[in-house]
Amino acid sequence: MVAEYSGIEEDETLSVEHEDAQICLYKVGGVIFATDNKCTHGDADLSEGLLQDGHFIECPLHEGTFDIRTGAPVGLPCTEALRCHEVRIDAGSIFLRARQPRAVNP
Amino acid sequence: MKVVIVGAGQAGAWVARRLRGKNPDLSITLIGEEAWAPYERPPLSKASITGGDAAPSYILSTEQAEELNIDLQLGTAATAIDRTGKILQLGNGKSLAYDKLVLATGGRARQLQVPGSDLPSIYYLRTWDDALRLRERLRPGKSVMVVGGGWIGLELAATARKTGCEVTLLESADCLCGRSVTPQISAFLAQQHQQHGVSVQFNARLDKIEAVSDGRLSVYTASGRTDVDIIAVGIGLQPETALAQDAGLDIANGIVVDRFGLTSDPDIYATGDVANQPFQAHASAPETRMRFESYANATNHAVGVADHICGEVEKIAEIPWFWSDQYDFQLQVLGTPRPDGQWILRGQMQDNKFCLFQMVGQTVQAVIAVNMAKELKIAKRWMKSGCYPAPELLSNLSVRLGKI
């Protein structure tokens with residue numbers, strides 16, 4: 001378990017540790033998503049960023065954005081995908097499994 | 001259509017990337033004087049000096065340029081523009097025909113103009129190679145004089161302290177970064193540097209520099225002589241306008257452009273640090289002109305120019321935004337602070353985690369945040385939408401600004 005489901009508010013982020021990696025959890029429409037917490041572009045924690053228009057996290061440093069559902073970079077200057085993690089909710093607790101990175105976009 | 005971009009810095013690279021993203025058929029050539037492919041400049045005053053990286057962090061590596069079919073010509077200067085024939089002359093004797101030309105020539109570090117300015121051990125910072133030279137010289141126990149209390153000077157001072165140097169900072173005005181932040185923030189910056197052991201000298205006039213034994217330098221100011229190992233200078237940027245000026249384009253503190261980034265020639269754009277753009281500080285302010293030396297501008301204005309080349313006619317109008325990383329804090333400035341208005345503090349300045357909102361009437365005019373990135377981004381949303389919360393909510397830490 002990495003966090004309680006109730007420990008993260010709607011439209012908010014939460015930084016957690018999982019297998020020596022920093023992961024960012026998101027709750028959008030009651031659904032939990034998880035990606036690596038470090039931006040693939042700059043040295044910044046996405047958990048310090050702001051969720052925009054539902055499923056997009058904006059990096060607090062350079063304002064690049066990612067789709068938290070796929071990890072795909074959708075806003076400049078980010079061009080490399082984020083690693084996503086599979087989320088499982090069981091009895092009010094959040095569990096994670098690592099997923100492979102997506103291909104690099106142009 | 002043939003697009004030629006002069007200047008392979010951040011802005012030039014983003015024009016090229018954006019053009020390719022929009023149109024697979026364009027012929028795109030990117031000309032750069034440096035030997036390095038386009039790279040990120042923010043780390044140059046920090047991690048590039050303290051770290052051990054052998055190459056900069058690329059925005060468009062040579063491999064990526066090849067993949068994206070962008071003709072990246074490095075180590076190449078552009079020497080003249082034939083506007084009638086629409087041909088760009090290169091320093092290597094070749095020439096390039098263009099349909100659209102983009103000038104992303106940036107600028108050079110402004111040089112000291114005092115006797116002794118040409119001595120060795122005086123360093124400037126603009127390029128990766130400059131950062132490598134500083135990395136070589138900023139060693140524990142060395143004494144460094146940083147000239148200039150602007151953002152580059154302050155970041156260099158913080159980095160020099162991090163590497164174990166003794167640091168003296170010379171500022172000609174009576175406060176730090178006085179042109180872009182409030183007196184309160186200037187005082188905060190001075191306090192941070194003093195707490196980290198920097199000797200900050202205000203109202204300092206540098207008279208001359210002399211070489212002394214062992215390659216050390218004597219720096220003479222009105223208050224006397226200081227001997228140091230190294231001088232690091234951060235006294236501003238000189239926009240690189242020679243090519244545009246020789247071609248007869250309108251020049252005034254950079255290359256003059258319109259809302260779309262077009263110069264006085266309808267087939268030539270300018271973008272990035274060198275572009276002097278129309279600018280309105282707030283809705284009722286008169287339109288003025290401004291050059292923006294920021295990361296956000298170098299990306300966003302470049303993207304706007306690329307979009308216009310592709311036929312989109314949306315004006316480029318971004319809220320100015322920049323940041324600076326020093327020691328353990330990140331300071332961000334959003335919007336253009338005004339002399340009037342009311343500043344509302346959220347958090348405590350002594351905690352190094354606070355946000356200052358400038359309210360003018362019912363609107364937020366500017367935000368200065370230290371280690372409070374999220375609040376600043378939320379304020380940016382308000383500024384874009386024109387809907388603002390009541391001022392008393394801003395200072396209330398129990399109110400989550402994102403939920404208003």
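How many helices and strands are there in chain A? Here are my notes on that and a few other points; please keep in mind that this is a predicted model.

1. Make-up of chain A. The count is zero helices and ten strands. Reading along the sequence, you therefore meet one strand after another, in the pattern β-β-β-β-β-β-β-β-β-β.

2. Overall form of chain A. A compact globule of 106 residues would have a radius of gyration near 13 Å, and chain A agrees with this, at 13 Å. Its C-alpha atoms fill a box of roughly 40 × 25 × 20 Å along the principal axes. Of the 106 residues, 42% count as buried. If you look at the contacts in chain A with a separation of 6 or more, 36% of them are between residues 24 or more positions apart.

3. Two loops of chain A worth a look. In the loop between strand E2 (13-18) and strand E3 (21-28) of chain A you will find A:Asp20. This residue has a positive phi of about 65°, although it is not a glycine. A:Asp20 is exposed, because just 5 other C-beta atoms lie within 10 Å, and the cut-off for exposed is 12 or fewer. Further along, A:Pro77 lies in the loop between strand E8 (73-75) and strand E9 (84-90) of chain A. The peptide bond leading from A:Leu76 to A:Pro77 is cis, with omega near 0°.

4. Where the chains meet. Eight residues of chain A are in contact with ten residues of chain B. On the chain B side, helix H1 (10-22), helix H8 (295-309) and helix H9 (373-385) each supply at least two residues. H9(B) gives the largest share, four residues. By type, the chain B residues that touch chain A divide into five nonpolar, two polar and three charged.

5. Strand E7 of chain B and its partners. Strand E7 (residues 100-103) of chain B has B:Lys100 and B:Val102 pointing one way and B:Leu101 and B:Leu103 the other way, and all are buried. Four bridges join E7(B) to strand E1 (residues 2-6) of chain B, and the two run parallel. E7(B) also pairs in the parallel sense with strand E19 (residues 268-270) of chain B, over three bridges. B:Leu103 is a handy residue to follow here: it stands opposite B:Val6 and also opposite B:Ala270 in E19(B).

6. An antiparallel sheet in chain B. Five strands of chain B form an open sheet in the order E22-E23-E26-E25-E24, with antiparallel pairing. At the edges are strand E22 (321-326) and strand E24 (342-348) of chain B, each pairing on one side only. The twist averages 15° from one strand to the next. Within this sheet, five bridges join strand E23 (residues 329-335) to strand E26 (residues 363-370) of chain B. One of the pairs to check is B:Gly335, whose bridge partner in E26(B) is B:Ala366.

7. Two loop residues of chain B. B:Asn203 sits in the loop between strand E12 (199-201) and strand E13 (206-211) of chain B. Its phi is near 50°, a positive value in a residue other than glycine. With 13 other C-beta atoms within 10 Å, B:Asn203 is partly exposed. B:Ala222, in the loop between strand E14 (217-221) and strand E15 (224-228) of chain B, counts as exposed because it has 10 C-beta neighbours inside 10 Å. From B:Ala222 to B:Asp325 there are 103 residues in sequence and 31 Å in space, C-alpha to C-alpha.

Notes: Residues are numbered from 1 along each chain as its sequence is written. Chains are lettered from A and ligands numbered from 1 in the order in which they are written. This is a predicted model: local features need pLDDT of at least 70, side-chain atom pairs count only at pLDDT 80 or more; totals for chains, interfaces and linings use all residues. A residue is buried if 20 or more other C-beta atoms lie within 10 Å of its own, exposed if 12 or fewer, and partly exposed in between; C-beta atoms are placed from the backbone. Two residues are in contact if their C-beta atoms, placed from the backbone, lie within 7 Å. Ala, Val, Leu, Ile, Met, Phe, Trp, Tyr, Cys and Pro count as nonpolar, Asp, Glu, Lys and Arg as charged, and the others, Gly among them, as polar. The radius of gyration is taken over C-alpha atoms; the globule rule is 2.2 Å times the number of residues to the power 0.38. Two strands pair if DSSP finds at least two bridges between them. Axes are lines fitted to C-alpha atoms, for helices over the stretch in contact, and angles run from 0 to 180 degrees between N-to-C directions.
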